[in-house]
Amino acid sequence: MSKEIQERCLGIEDNNLIPELFGNFDENIKIIEDEFNVEILLRGGEIKIIGEELSTKLVERLLYMLVDILKREKKLTKQGLMYTIQLIYEGKEEKVKDLLNETICITASGKAIKPKTLGQKRYIDAIKKRDIVFGIGPAGTGKTYLAMAMAVNAYKNKEVNRIILTRPAVEAGENLGFLPGDLQEKVDPYLRPIYDALFEIMGFETFGKLVEKGLIEVAPLAYMRGRTLDSAYVILDEAQNTTNEQMKMFLTRLGFGSKAIITGDITQIDLPKGKSSGLVTVSKILSDIKGIDFVYLTKLDIVRHPLVQRIIEAYDKFENKE
C-alpha cells in the first residue's frame with residue numbers, strides 16, 4: 001500500500017450536520033486527526049482528508065458512518081465516536097446499522113433506549129431468546145439499565161404481569177438493625193440505583209402507581225425466599241454479592257411465563273472472606289444448560305464517562321501486577 005500523501009474529498013448533503021460532526025471547537029475532528037494521523041479541512045461545504053492512502057480511506061469510511069449516525073440520532077457523543085473508530089479499525093462498521101435499528105423502549109422524557117455497543121446488542125438478543133440470561137461485566141456497561149428497559153417493554157406489551165427487581169443488601173450487613181425505620185426503609189438505600197433507573201425509564205408517577213398496585217416490586221433478595229414467581233420479569237442486580245445458596249434459591253423461584261436476568265461484576269465482590277460468590281460459581285454449573293445464556297461485557301461496552309474505561313484498565317493492570 002502506497003504511503004504517498006493524498007487528498008480525499010467528501011460532500012455532505014446536509015450542511016446542518018457539519019457542526020455536530022465536527023463538535024465543539026472541532027473536538028471530534030481533532031480526535032480523528034490524532035487517531036489516524038491525517039489532516040481534515042472544511043472548504044466550501046466539502047470535507048478534505050489529507051494523509052497516507054490507508055488512513056484517508058479509513059477516515060472516509062468513518063465520516064460517512066458518523067453522518068449516518070447523525071441522520072438517525074441527531075447527535076454524536078464522544079463515546080459513540082470512539083466506539084465507531086474502534087469498529088472501523090476492526091472492519092465492523094456495518095454492524096453500526098444493527099445498533100441504529102434497535103430501539104428497546106422510549107423513556108418518559110421521550111428518549112430512545114438503544115444498545116450502544118455490539119456487546120450490548122448481543123446481551124439484548126440473548127434476553128429476547130432465553131428465559132434466563134446472565135449479564136456479566138464491569139461498571140458502566142448498561143447491564144442493569146438495559147435489563148430494566150427490556151422488562152418495562154415486556155410489561156407494556158403484556159408479555160408479563162409484573163416486574164420484580166431485587167439485589168442482595170450485602171453492604172448493609174449486620175449494621176442493618178441500627179438504621180432507623182422498618183425493614184423496607186432500611187434496605188431502600190441499597191435499592192436506590194434501581195429506583196433511579198426506573199424513574200428515568202417510566203416516569204415517577206407511573207412508577208409510583210404500579211408499585212402501589214403491586215405490579216412493580218423492588219425488594220431485597222431475602223424477600224424472594226419461599227416464593228414462586230409466575231408471569232414475572234425478574235431482575236437480580238449486583239449478583240456477584242450473592243452466596244451460592246442465595247443464587248440457587250433465586251434461580252429456583254422462577255415460575256411459568258417468567259424470565260430472569262441476573263447482572264453482576266465479578267471484579268467487585270463485597271462478600272466476607274471465605275464466602276464464594278454465587279455468580280462466579282453458577283457460571284461453572286449452568287454454562288452448558290439449554291435455555292440459559294451467559295453474556296460477558298467488556299471495557300469496550302462501557303457507556304459512561306470515557307475516564308471510566310481508563311480507570312478500569314488502570315485497576316486491571318495494577319491487580320495483575322499484584
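What share of the contacts in the protein with a separation of 6 or more comes from residues 24 or more positions apart? In this predicted model, the figure comes out at 70%. The chain that makes those contacts has 322 residues, and buried residues make up 47% of them. Counting up the secondary structure gives 12 helices and 11 strands. Taken along the principal axes, the C-alpha atoms fill a box of roughly 70 × 50 × 40 Å. As for the surface, the protein exposes about 17,400 Å², with carbon and sulfur atoms supplying 50% of that area.

A good place to start is the sheet that involves the N-terminal strand S1. Strands of a sheet pair through backbone hydrogen bonds, and they can do so either parallel or antiparallel. Here three strands, in the order S1-S3-S2, make an open sheet with antiparallel pairing. S1 (5-11) and S2 (39-43) are the edge strands, each pairing on one side only. On average, and with direction ignored, neighbouring strands in this sheet are turned by 20 degrees against each other. Seven bridges hold the antiparallel pairing between S1 and S3, the latter covering residues 46-52. Leu 10, for instance, has Ile 47 of S3 as its bridge partner. The sheet also has a helix packed on it: H3 (residues 53-73) touches S1, S2 and S3, and its direction makes about 150 degrees with that of S3.

Parallel pairing turns up further along the chain, around S7. This strand spans residues 162-167 and is mostly covered, with five of its six residues buried. S7 pairs with S9 (residues 232-236) in the parallel sense, over five bridges. In that pairing, Leu 165 sits opposite Ile 235 of S9. S7 also pairs with S8 (residues 216-220), again in the parallel sense and over five bridges. There, Arg 167 is the residue standing opposite Pro 220 of S8. After S7 the chain enters a loop that leads to H8, and Ala 169 lies in this loop. Ala 169 counts as partly exposed because its relative accessibility is 24%. Between Ala 169 and Leu 81 there are 37 Å in space, C-alpha to C-alpha, for a separation of 88 residues in sequence.

H8 brings in the aromatic side of the story. The structure holds six aromatic pairs. In one of them, Tyr 195 and Phe 199 have ring centres 6.3 Å apart and planes at 25 degrees, so this pair counts as stacked. Both residues belong to H8 (residues 183-202), where they are four residues apart, or about one turn of the helix. How well covered are these two? Tyr 195 is buried because its relative accessibility is just 11%, while Phe 199, with a relative accessible area of 23%, is partly exposed. Phe 199 also forms an edge-to-face pair with Phe 207, at 5.0 Å centre to centre and with 75 degrees between the planes. Phe 207 itself is buried, since its relative accessibility is 5%. Add Phe 204, and ring pairs link Tyr 195, Phe 199, Phe 204 and Phe 207 into a cluster.

Last comes a polar spot at Thr 144. This residue lies in H7, which runs over residues 143-156. Its relative accessible area is 15%, so Thr 144 falls on the buried side of the 20% cut-off. Which residues does Thr 144 touch, leaving aside its neighbours within four places in sequence? Thr 144 is in contact with Asp 237 and Thr 263. With Asp 237, the link is a polar contact from side chain to side chain, at 2.6 Å.

Methods:
Residues are numbered from 1 along each chain as its sequence is written. This is a predicted model: local features need pLDDT of at least 70, side-chain atom pairs count only at pLDDT 80 or more; totals for chains, interfaces and linings use all residues. Side-chain values use heavy atoms; hydrogens and water are left out. Rings of Phe, Tyr and Trp (its six-membered ring) pair if their centres lie within 6.5 Å; planes under 30 degrees apart count as stacked, over 60 as edge-to-face and the rest as tilted. Helices (H or I, at least four residues) and strands (E, at least two) are DSSP runs, numbered from the N terminus. Buried means under 20% relative accessible area, exposed over 50%, partly exposed in between (1.4 Å probe, protein chains only). Two strands pair if DSSP finds at least two bridges between them. Axes are lines fitted to C-alpha atoms, for helices over the stretch in contact, and angles run from 0 to 180 degrees between N-to-C directions. Contact means heavy atoms within 4.5 Å. Accessible areas come from the Shrake-Rupley method with a 1.4 Å probe; for residues, only the protein chains shown count as cover. A polar contact is a pair of N or O atoms within 3.5 Å; within protein, one must be able to donate a hydrogen and the other to accept it, and residues adjacent in sequence count only if both atoms are side-chain atoms.
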